[in-house]
Amino acid sequence: MKILIATGGSAHSDLAVCSGAELARATNSRMTILTIIKDAERRAEAQAIIDRAVGLARLNGTAGNGRQVAPVETRVRLGHPAEEIVHEAMEGSYGLIVVGTWPKPNLLQRLLAPTTERVVMQAPCPVLVAKGLVGPLRNVLLCVSGADSPSRAAGFLTDMAARMNHRLEITVLHVMSQISAGPEAEEHWQLAAPAEQLMYEGTPEGQWLRSEVDALGRTGALLHPKVRHGFVVDEVLMEAQEGDCNLLVVGAHRQAGWQRFLLDDLTHQIAVRADRSVLIV
Amino acid sequence: MSGDPHLTDPTLATLESPPMVSFPAESAIAGQAVRVAWRKIAWHKVLLFAASLFLFTLAITLMKEGARELATLLDSHSAVDNALNSLGFGWLLAYLVMSGSPVAASALTFFDAGIIDQVGAYTMITGSRLGASFIVLFIGFLYVLRGRGKAESLGIGLLSLIVTGTTYVFALGFGYGLLTTGLLDGVQLQTGALLNSATDLVFDPLASVLLNLLPRWSLFLVGLGIILLSFGLFDRCMPQFTLKKSQLGRMSRLVYRPWVMFLLGGSITLVSMSVSVSLGILVPLSARGFVRRENLIPYIMGANITTFVDTLLAAVLLRNPAAFTVVLVEMVSIALVSAVILATFYHRYERSLLSAVGWLTMRDRNLGYFMVAIFLVPVILMLF
């Protein structure tokens, strides 16, 4: 797998570099560090950013025996950051983009659709939004909506897990934020049932969880299907915290046409509010 | 001579000419389409709707006549003479009648008759909405008594009541300001001479007939009864929603943007004219009668605005511009407060409301305190 790591030289970009390098090391992948400048006069500045990033990458991309596991390439592009990251990803056929983001974006930063958000919307491949602490990938939270079953995210995780040398622990989570629309509604027990019961009874949620678990089964990972009840975003973030997950995996908001305007972008809300890395597939 | 073998040899012409096929004329096809469409129209529902509208107009006419007599009767004995006790009165009356719209219509007829002033009419209508939102909760109670779980039966009713309570309380002050400054006085809907003539020609004679049989003040109560009947008929002419496989039917699974659900709640209630009916529609609209928490609150907020359409119609029928302004102020103030909540602190508001519902359904005692409060508050308001 080829990993593209975008950096602008800021602290949150450094986090992206470290996270990307760690992931490249764990999955034996090649990585490319990319920086974008607005005009050619800033080449020297770009080179300084690249040199710093390469240093960080080599530090994090080194195996326990001191051997540099992941080879590092570098690129400098001219233009708008989000567009150039996406173009590079397309041209280079990368399997993953790693970007940083403002840790706590203020209202203006949120309104102006920062680079990260634009990359996520237009990227031809999964995007890892690096946040929180950098460390070996052990505990993953896969969020399942039922939009596609099994999800693309499960497919990507399966490929990723296959490349790793250690066993992952994956919590497959579906959040039921439903309440009864009226006392006449039937099957209320589903609103409070645990994952095992939903899977046993073959309810829609149970079927989605079963499908994900079956898809991930061949990774050899330790799987925990789970259902929570409450607001989707709140429950996902609480599960990430309570389960001490170091990576959240969610599907991208990729509805087409008028559905894009009707449906809420929960992926974006999770990516903004999470205090740990989010992988958007 | 053309040299065409088909024309020179009649035998060949007979054997080889294409079979005669007659195509119906375009007008016949159009006529068939009209007949098919005609048969698909649910005429009984159209008749029900017409009857409902007829009865509604008759009810307003009677209530208007009766309220004028009540004004003289209640003048010296009236406990409804300021904004606070009007709020309490509308609230309690809606509990009694189990509906908000007749009480809102009553508020306008009282205002028209001079029993209450414009601010009193505004707060009485607000009270009617607070009382009306109890109805869904009451239906939930009946299911609890029949053995259903508390949270499942009461959740949506409690949520509806709390959303209504919070938005209307925020809107009260804003609406009061709009009313007293007269900012919306110039916005009026003209009934037109044709409608006025029609109502004078048809309904005034009917009111006269009843006047000969009953005391004038009782026409108000007769009108109230007829208006309840008209809403009952209207509910029966609502289409049956079975959109389980449509985009709308996926409401139980998908999370829609708050503004989308807000507009949906407003649109559906524009047709149903009742928040409780709009909430009831959610059951067949979703596959299993479940709705995502994220979708529900903005839906109720939208429904709380267009539920006033029938009250607006009542104001038009009363031919009282000031009454029209009262209803318009009600709608505008709720709409603005809802828009501000959705645009600014919506998620915090959403979580607070759902935590409140969770707390209320956690223990019987909590629910008990709440029920006492929603009966005690309007009674206390009446004492002012």
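This note comments on a predicted model, with chain A taken before chain B.

1. Fold content of chain A. The secondary structure of chain A consists of 11 helices and 11 strands. Among its contacts with a sequence separation of 6 or more, 77% link residues that are 24 or more positions apart.

2. Dimensions of chain A. The C-alpha trace extends over about 70 × 45 × 30 Å along its principal axes. The radius of gyration of chain A is 20 Å, and this agrees with the value near 19 Å for a compact globule of 281 residues.

3. Burial and surface of chain A. Buried residues account for 55% of the 281 residues in this chain. The accessible surface of chain A is about 12500 Å², and carbon and sulfur atoms contribute 52% of that area.

4. Charges in chain A. The chain carries 27 positive and 31 negative side chains. The centre of the positive set and the centre of the negative set are 9 Å apart.

5. Cysteines. The count of disulfides over all chains is zero. C245(A) takes part in no disulfide, because the nearest cysteine sulfur, that of C143(A), lies 8.7 Å away, whereas a disulfide requires sulfur atoms within 2.5 Å. C245(A) is buried, at 2% relative accessibility. C18(A) is likewise classed as buried, its relative accessible area being 12%.

6. Fold content of chain B. Chain B contains 18 helices and one strand. Of the contacts in chain B between residues at least 6 apart in sequence, 84% connect residues at least 24 apart.

7. Burial and surface of chain B. Of the 384 residues in chain B, 49% are buried. The accessible surface of this chain amounts to about 18400 Å², with 69% belonging to carbon and sulfur atoms.

8. Helix α12 and the loop that follows. L264(B) lies in helix α12 of chain B, which covers residues 258-272. With a relative accessible area of 16%, L264(B) falls under the 20% limit and is therefore buried. The C-alpha atom of L264(B) is 9.8 Å from that of S278(B), a residue 14 positions away along the chain. M273(B) is placed in the loop between α12 and α13, the latter comprising residues 275-285. M273(B) has a positive phi near 60° and is a residue other than glycine. The relative accessible area of M273(B) is 16%, and this residue is buried.

9. The loop between α5 and α6. M98(B) is located in the loop that joins α5 (83-97) to α6 (101-113) in chain B. The phi angle of M98(B) is positive, at about 60°, although this residue is not a glycine. M98(B) has 33% relative accessibility and so counts as partly exposed, the class between 20% and 50%.

10. Helix α18. L376(B) belongs to helix α18 of chain B, spanning residues 364-382. Its relative accessible area is 46%, and L376(B) is accordingly classed as partly exposed. L376(B) and G88(B) are separated by 288 residues in sequence, yet their C-alpha atoms are 9.8 Å apart in space.

Conventions. Residues are numbered from 1 along each chain as its sequence is written. Chains are lettered from A and ligands numbered from 1 in the order in which they are written. This is a predicted model: local features need pLDDT of at least 70, side-chain atom pairs count only at pLDDT 80 or more; totals for chains, interfaces and linings use all residues. Side-chain values use heavy atoms; hydrogens and water are left out. Helices (H or I, at least four residues) and strands (E, at least two) are DSSP runs, numbered from the N terminus. Buried means under 20% relative accessible area, exposed over 50%, partly exposed in between (1.4 Å probe, protein chains only). Contact means heavy atoms within 4.5 Å. Accessible areas come from the Shrake-Rupley method with a 1.4 Å probe; for residues, only the protein chains shown count as cover. The radius of gyration is taken over C-alpha atoms; the globule rule is 2.2 Å times the number of residues to the power 0.38. Lys and Arg count as positive and Asp and Glu as negative; His and the chain ends are not counted. The place of a charge is taken as NZ of Lys, CZ of Arg, CG of Asp or CD of Glu.
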